[in-house]
Every structure is written in C-alpha cells, then in structure tokens.
Amino acid sequence: MGHGSSKETNSAPSSRASRFRERLRNYRRNLLHRHGGDGSSGSSISTSVEDFAGIALLTLRSAEMKFKDRWLACVSLGEQTFRTNTSDHTDKPVWNSEKKLLLERNGPHIARISIFETNKLSKNNLIGYCEVDLLEFLEQEPVNDLEVLNLLDPSCSNTVVGHISISCSVEDPMETEKSFTRRILSIVDYNDDGELSFSEFSDLIDAFGNEVAAKKKKELFRAADLNGDGVVNMDELATLLTQQQEREPIMNRCPVCGEVLQVSDKLNTMIHLTLCFDEGTGNQVMTGGFLTDKQASSGWMFKLSEWVHFSSYDVGLNYGSSAANIVVYNRRTKRLEEELIDGKIVLSMRAMYQSKFGLGLLGVGAKEILQSISEKQEKKMNTYESVEEIPKFIKFFKDQVNMAEVKYPLEHFKTFNEFFIRELKPGARPIECVEHDDVAVCAADSRLMAFNCVDESTRFWIKGRKFSVQGLLGGEIDSRTFEGGAIVIFRLAPQDYHRYHFPVSGIIEKFVDVPGYLYTVNPIAVNSKYCNVFTENKRTVSLISTKDFGKVAFVAIGATMVGGITFLKKKGEYAKKGDEFGYFSFGGSTVICVFEKGAIKIDEDLLENSARSLETLVSVGMKLGTSNNKRAGEDFI
C-alpha cells in the first residue's frame with residue numbers, strides 16, 4: 001500500500017474487497033441505466049460514473065518519532081492538502097484525525113503524509129513522509145484494519161526516521177447514500193429522536209432551495225410518510241429523496257454550504273453532499289483549504305504575510321504576492337508541490353524583475369553585475385573549500401534532493417560543482433517506450449510548460465514583450481522551419497539533477513552559440529513584462545535531424561549563477577532518445593525544444609496544466625508526446 005511494514009492488529013473479513021467490488025459494479029450499472037443505459041446518451045455522466053472509484057476515509061492515528069516535539073501531520077492528494085491539529089510535546093504523538101477523500105480511477109490516488117516538528121515560530125521542519133496508494137484498498141484483500149508505515153527521511157528515502165499508524169477504508173456507495181440520508185435528517189431533527197415531524201420536514205425542504213417543492217410540502221410529507229404515523233423516519237426519507245431525484249428533484253442546493261447542485265448528475269451530487277458532511281465518529285476532522293503541505297504547516301509569520309498580502313498561494317502566473325510561493329504539479333504523484341527557494345532571493349528577484357525601478361537597474365549596469373557575479377560564483381564552486389556547501393544545500397532542499405538515487409556517495413565529490421552535476425544510478429530514470437522513436441520524452445528533471453505554438457506560450461506564460469522563435473534561435477538558424485510549431489520549456493531549479501538528455505533520436509546537425517546576459521530563469525522573471533529572459537540570455541542552440549519529428553531545435557539557456565553549458569556530443573553524431581546530451585554547472589537553467597509545425601502531438605495533461613499557467617514537475621524519460629508527422633523523416637540523413 002505504501003512505504004513501510006504492517007503490523008497485524010484487528011483482522012477484517014477476507015471477502016470484504018470482493019463484496020465491495022460487486023456492490024460498486026451494481027451501483028455503476030444502476031447509475032448508467034438511470035442516465036442513458038449503455039452510455040449512448042448523457043456521455044459525460046457515464047464517463048464520470050465509470051471513473052468513480054469510491055470515497056476513502058483516511059485516519060491518521062498516531063506516530064512514533066525519534067525525539068520529543070510538538071507534531072502535526074499533513075495529507076496531500078491531488079490539488080488539496082489537509083492538516084491535523086498539533087500534538088502535545090512528545091515522541092509518540094496521537095491525532096486520531098480523519099478525512100474523506102474522493103477517489104477516481106484516472107485521477108490522483110497516491111496520498112502523501114508529511115510529518116512536521118513545530119518548535120519554530122515562523123517555519124516548521126519536515127522530518128519524515130510516506131506515500132499511500134489509496135486505490136490499492138479496492139484491489140487487494142485487506143489483512144489489517146490498522147497499518148504501520150515507515151516514515152522516510154526527505155533527504156534520503158533509504159533512511160527511516162519514524163513510524164506512523166493509519167487506517168483507511170473505502171466507503172460502500174450504498175452505505176454512502178444511507179449515511180448521507182442520516183446526516184440530512186440530523187440537520188433538522190431538533191429533538192434527536194431519529195424522525196422528522198412536519199415542521200422539521202418543512203425546514204428541510206426550505207434548506208434544499210427548491211421553490212416548487214417548497215409549495216408542495218404537505219404533499220411531499222404525505223408521500224414520504226409511508227406507514228402513516230405522522231412522522232418521517234430515515235428509511236422513508238431515503239426513499240423519498242431517491243424517488244424524487246429520479247422524477248422531479250427537490251434538492252437544488254446543498255443544505256450545508258449552499259452550493260447550487262447539478263440535479264441531473266446524481267453521482268456528483270451524492271459525492272458533493274457526502275464530502276460536505278462530517279461523519280461524526282468522534283475523531284478530529286482534518287482542516288482543509290491548503291494547496292501544499294508547506295502552506296498547511298506554515299507558522300504564524302507566514303500567516304501574517306498572507307494577511308497583509310505580502311505573499312500568497314495560488315496556481316497560475318507568478319506575479320505580485322503569488323510570486324513568493326511557486327506551486328508546481330508533480331506528474332508522477334498527481335499532487336501540487338511547492339518549489340523551495342530562499343525568501344531573500346524571492347524578494348530580490350521581485351524587486352529587480354517585476355518593477356519599472358528594477359528594469360531601470362537592468363539598463364544601467366545590473367546586467368554586467370549579474371555576469372560578474374556568475375563568473376565569481378563559478379570559480380568559488382570549483383574550489384576544494386566549496387565542498388563544505390554540499391551538506392547545507394542538501395539540508396535546505398532535503399525534500400527535493402534524493403541522495404538514494406545518486407550514483408556516488410557524498411565523499412566522492414571534491415567540489416560543490418562536482419556534486420551539482422552529479423550522475424544518477426543506472427535505471428534511476430527509465431526511458432518510456434525506449435524502442436519507439438516516434439515517442440518523444442522529457443529532456444530534463446524540470447518544471448515543464450508545453451504549448452502547441454508560440455502565441456499560446458506568450459498568452460499563458462512568457463510575458464516578455466519581445467519573445468519569438470526567431471529571437472530565441474538567433475540569426476544563424478532558419479526560424480521559418482519552426483513557424484507555428486510546438487514549444488516545450490524545461491526549467492531546471494538548483495535542486496534538480498542538472499544533466500539534460502535527448503528528447504528524440506536523431507543526428508546533431510549543428511551547434512550555434514548565441515551570446516547574451518544571465519538573467520534568472522525563475523518564473524518571477526519569465527512571467528514579468530519588463531524583461532525578455534529567453535531571447536536575451538546566453539544560450540547554445542543545437543539542431544537535431546530526426547526521422548519521426550523532422551528537425552528539432554534544442555536550446556540550452558544559461559542563467560544567473562550558471563557557470564557553464566557543457567555538451568557531451570559532437571556535430572554529426574547520432575544519439576538515441578534518453579542518451580545524455582550535456583549538463584549545466586551551478587545554478588538554475590532552462591532547456592527549450594522547438595518542433596516543426598504539426599510534428600508532435602504533446603500529451604494532453606501537459607497542455608492542460610500549461611493552459612492554467614501551471615508548471616508540471618517531470619523527470620528525464622517521461623513521455624512528452626508522439627509523432628504525427630508521417631513525412632517528417634524525408635530529409636533525415
């Protein structure tokens with residue numbers, strides 16, 4: 001189910017999973033029958049019904065840590081994060097905190113549990129984490145009700161720093177409807193007798209927000225009171241709601257949050273109402289409303305900065321207060337994550353790149369200063385003394401640098417730059433569809449933005465006023481080859497593996513060095529209208545001739561603090577996709593690939609995130625797209 005081992009406690013019936021799957025199949029079959037039979041009508045409803053996997057109740061019970069502190073836990077799934085209360089000062093925190101989570105077959109299903117110590121005023125420290133595949137509860141026979149999982153060190157996933165006890169159950173859809181009815185009844189059951197008088201029933205109909213139903217209260221009450229005893233019990237209310245939702249829905253609005261419901265979509269109405277109510281088990285319900293675990297665990301200093309609009313969390317362009325926290329979407333885990341960056345650096349970048357004053361500085365010598373700083377930093381990071389910076393670097397980026405996959409141990413590196421351009425163990429980055437050259441892959445561990453054309457890139461991401469393919473490639477490359485073609489941006493942050501690889505198989509036709517400055521490639525600058533990062537920075541353009549994609553321009557772009565761009569292949573060499581192409585020395589940097597028009601069909605999830613101005617965190621070898629240009633290889637040598 002996740003990282004760690006389980007301890008046997010209370011055993012569950014071995015047939016529970018099979019019974020659940022059978023009930024789920026029957027439930028879907030009934031919904032399909034109600035909404036169009038075989039799906040020929042109401043296709044959007046049928047699709048969502050087929051994708052519905054259940055509602056998981058995840059409970060964080062307790063943990064065993066290696067030292068005493070006040071602890072809190074966060075659960076992240078997809079684009080939402082929840083947190084527990086803070087425990088007492090102990091090495092064995094107890095939370096008994098729960099949350100219901102919607103599971104979809106093709107949606108996020110790997111939940112990350114993060115444990116923070118909270119002894120800092122402004123910053124809580126991440127100590128350990130584990131990942132739980134919630135869908136596995138549908139696929140396997142349960143052994144235990146309670147599972148004990150290893151908590152792993154964020155810096156090295158081979159190291160165990162504690163243990164956490166959790167329980168997880170997937171709610172039977174039939175039971176979901178029944179429990180929903182119980183919760184509906186409890187809203188207006190003022191005397192808690194489990195039955196509704198006419199006055200209580202009348203208040204409930206008013207809460208549903210249906211004016212037509214409100215005028216027919218007596219008629220509906222008589223229809224619900226099947227045994228004629230003058231009250232409506234839970235079973236009678238459930239029957240009424242089911243029958244009326246089929247014939248003439250009476251619930252137009254959620255009685256809890258007031259949201260307008262799509263009455264024709266029974267499944268999603270049920271899901272919404274189920275998640276909107278608390279079960280009332282006596283356990284503490286986790287607090288929601290967060291995008292990332294870092295936001296959920298933040299101390300009072302960050303909450304104050306949010307209150308005064310100095311910083312904020314949001315998905316989209318990184319401008320103004322939202323530039324203080326860069327949120328990306330992890331493609332592997334299907335979760336939102338926050339990129340780690342020093343607060344002082346954020347402040348300086350916002351001042352320089354997102355203001356007219358900063359623009360003025362760039363015009364009166366700041367460009368040369370950035371160049372000089374980068375050159376000095378390059379020399380410093382190549383000295384033997386710089387090796388002392390490695391532990392500090394790993395500590396700061398401990399959640400985003402996995403030493404378990406690095407090829408050599410720390411003692412191997414004699415300078416910081418040797419560590420920065422570190423190699424990974426064989427197999428750490430598998431290449432998708434390695435034998436199929438008509439499938440392109442991601443060129444770097446990076447935050448990716450992909451667009452079908454340049455116009456889309458400038459609408460959703462690149463805000464510099466002078467960006468164009470011609471400006472990007474320089475004067476020696478015929479940019480007409482790439483007019484109207486797709487553009488893919490791979491942004492490497494300092495914590496990333498800094499070796500870049502071939503996204504396609506082909507022959508290197510040429511290299512062209514384009515001189516320029518060394519602006520940062522951080523989104524704070526890319527999203528700014530005051531500078532033109534990609535067309536003014538120092539860069540090297542390589543042209544790759546391929547059989548399946550035609551010509552592909554591969555642009556390696558330097559940035560502030562980048563000591564150099566090194567290529568490991570030469571003009572005229574043939575390379576397979578996934579082969580190592582080169583590396584960036586210290587600093588953040590970017591690779592941009594430009595394709596001929598119509599040559600590649602980029603994966604939809606990458607395009608959808610990019611249209612939201614949301615970077616996707618990818619790894620070398622992940623699928624980028626497929627060739628749809630059958631004549632692309634006619635000029636291939």
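The following legends describe close-up views of a predicted model.

**View 1. Ser589 in strand 26, a position carrying a UniProt annotation.** An unreviewed UniProt entry assigns the annotation "modified residue: Pyruvic acid (Ser)" to Ser589. In the predicted model, Ser589 belongs to strand 26, which spans residues 589-595. The relative accessible area of Ser589 is 0%, so the residue is classed as buried.

**View 2. Strand 14 and its covered faces.** Strand 14 comprises residues 327-330, and both of its faces are covered. Val327 and Tyr329 lie on one side, Val328 and Asn330 lie on the other, and all of these residues are buried.

**View 3. The antiparallel hairpin of strand 14 and strand 15.** Strand 15 (residues 335-338) runs antiparallel to strand 14, and 4 bridges join the two. Within this pairing, Val327 is placed opposite Glu338 of strand 15. The hairpin has 4 residues between the strands, and Lys334 adopts a positive phi near 60° in this hairpin.

**View 4. The parallel pairing of strand 14 with strand 28.** Strand 14 also pairs with strand 28 (residues 616-618), here in the parallel sense and over 2 bridges. Asn330 stands opposite Leu617 of strand 28. Asn330 is among the buried residues of strand 14.

**View 5. Ser613 in the loop that precedes strand 28.** Ser613 is located in the loop between helix 20 (604-611) and strand 28. Although Ser613 is a residue other than glycine, its phi is positive, near 60°. Ser613 counts as buried because its relative accessibility, 9%, falls under the 20% limit.

**View 6. Cys433 in the loop between helix 15 and strand 16.** The loop holding Cys433 connects helix 15 (416-420) with strand 16 (439-441). Cys433 is not a glycine, yet it has a positive phi of about 50°. With a relative accessible area of 33%, Cys433 is partly exposed, because this value lies between the 20% limit for buried residues and the 50% limit for exposed ones.

**View 7. Helix 5 and the glycine that follows it.** Helix 5 extends over residues 198-207. Its buried residues include Glu200, Phe201 and Ser202, together with Leu204 and Ile205. Just after helix 5, Gly209 takes a positive phi of about 75°.

Terms used:
Residues are numbered from 1 along each chain as its sequence is written. This is a predicted model: local features need pLDDT of at least 70, side-chain atom pairs count only at pLDDT 80 or more; totals for chains, interfaces and linings use all residues. Side-chain values use heavy atoms; hydrogens and water are left out. UniProt positions are given in the numbering used here, feature names are shortened, and annotations may be inferred rather than shown by experiment. Buried means under 20% relative accessible area, exposed over 50%, partly exposed in between (1.4 Å probe, protein chains only). Two strands pair if DSSP finds at least two bridges between them.
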